[in-house]
Amino acid sequence: MAKKPEPKATAETPAPEEPSLKEEIQAEMAADLDEEVKRSDVDVAALQKERDEFEDKYLRAAAEISNMNNRFKKERADLLKYDGQRLATAVLPVMDNLERALAADAGDDNGAALKKGVEMVLSHLETALKDNAVTEIAIAEQAKFDPTLHQAVQTVAADKDHPKDTVVQVLQKGYEMKGRVLRPAMVVVAN
């Protein structure tokens, strides 16, 4: 038997498109499923409700995982941002002691040489802290008391030179690192 040649497609008549094997199988499976649903006692509405509940649970779980990832990234960024905070806090009393040593009188040449050495150590320490974003909390004259930056260790009566709730004297400098207070300034406040 000789095969008949299939008609060739021309510009005016496109070739007839036959469904692919995959499309045929999908159509057949959909028809079989529809037929089975019609024959069975399955409650389609209940199945759809159950499917919707599972989809909701899935979406909530996916959102929770996304939130956890975002929190983890933020915490890791904060850890990197404030890396060295513990070391800086431990070094601050050393700076205080060096400043106290410089406040003492150097009576002789040996004392003056020692004082010069302490000044150099303090200078290097201040530079190292500044290079690592540790800065002194600036307190202007007649500054308003701020409990987030200052720790009131003593109060004095307010007068015309020192209005109520202003810083009268700084007893110990405060320091911060990238906006986070490492140590509040110890101050005397007018009350």
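User: Is Glu-99 buried, exposed or partly exposed, and what is its relative accessible area?

Analyst: Glu-99 is partly exposed, with a relative accessible area of 21%. Buried means under 20%, exposed over 50%, and partly exposed in between, using a 1.4 Å probe and protein chains only.

User: What are the ground rules here?

Analyst: This is a predicted model: local features need pLDDT of at least 70, side-chain atom pairs count only at pLDDT 80 or more, and totals for chains, interfaces and linings use all residues. Residues are numbered from 1 along each chain as its sequence is written, and side-chain values use heavy atoms, with hydrogens and water left out.

User: Which residue forms a salt bridge with Glu-99?

Analyst: Lys-173 does, with the closest N and O atoms 3.0 Å apart. A salt bridge here is a side-chain nitrogen of Lys or Arg within 4 Å of a carboxyl oxygen of Asp or Glu.

User: Where do the two sit?

Analyst: Glu-99 lies in helix H3 and Lys-173 in the loop between strand E3 (167-172) and E4, so the pair ties together parts 74 residues apart in sequence. Helices (H or I, at least four residues) and strands (E, at least two) are DSSP runs, numbered from the N terminus. Lys-173 is partly exposed, at 27% relative accessibility.

User: Which other side chain meets Lys-173 in a salt bridge?

Analyst: Glu-136, at 3.6 Å, N to O. Glu-136 is in strand E1 (residues 134-136), and this pair is 37 residues apart. Glu-136 is partly exposed at 43%. Through shared partners, Glu-99, Glu-136 and Lys-173 form one network.

User: How many salt bridges by this rule?

Analyst: The count is 8. Another one of them pairs Arg-71 with Glu-64, closest N and O atoms 3.5 Å apart. Arg-71 is partly exposed at 44%, and Glu-64 is partly exposed at 38%.

User: Switching topic. How many residues are in the largest nonpolar core?

Analyst: It has 14 residues. Met-95, Leu-129, Val-134 and Leu-182 have the most contacts inside it. Helix H3 (85-103), helix H4 (109-131) and strand E4 (175-177) each supply at least two residues. H3 gives the largest share, 6 residues. A nonpolar core is a set of buried Ala, Val, Leu, Ile, Met, Phe, Trp, Tyr and Cys residues joined through side-chain atoms within 4.5 Å.

User: What is Leu-182 in contact with, leaving aside neighbours within four places in sequence?

Analyst: Gln-85, Ala-88, Thr-89, Leu-92, Val-134, Tyr-175, Glu-176 and Met-177. Contact means heavy atoms within 4.5 Å.
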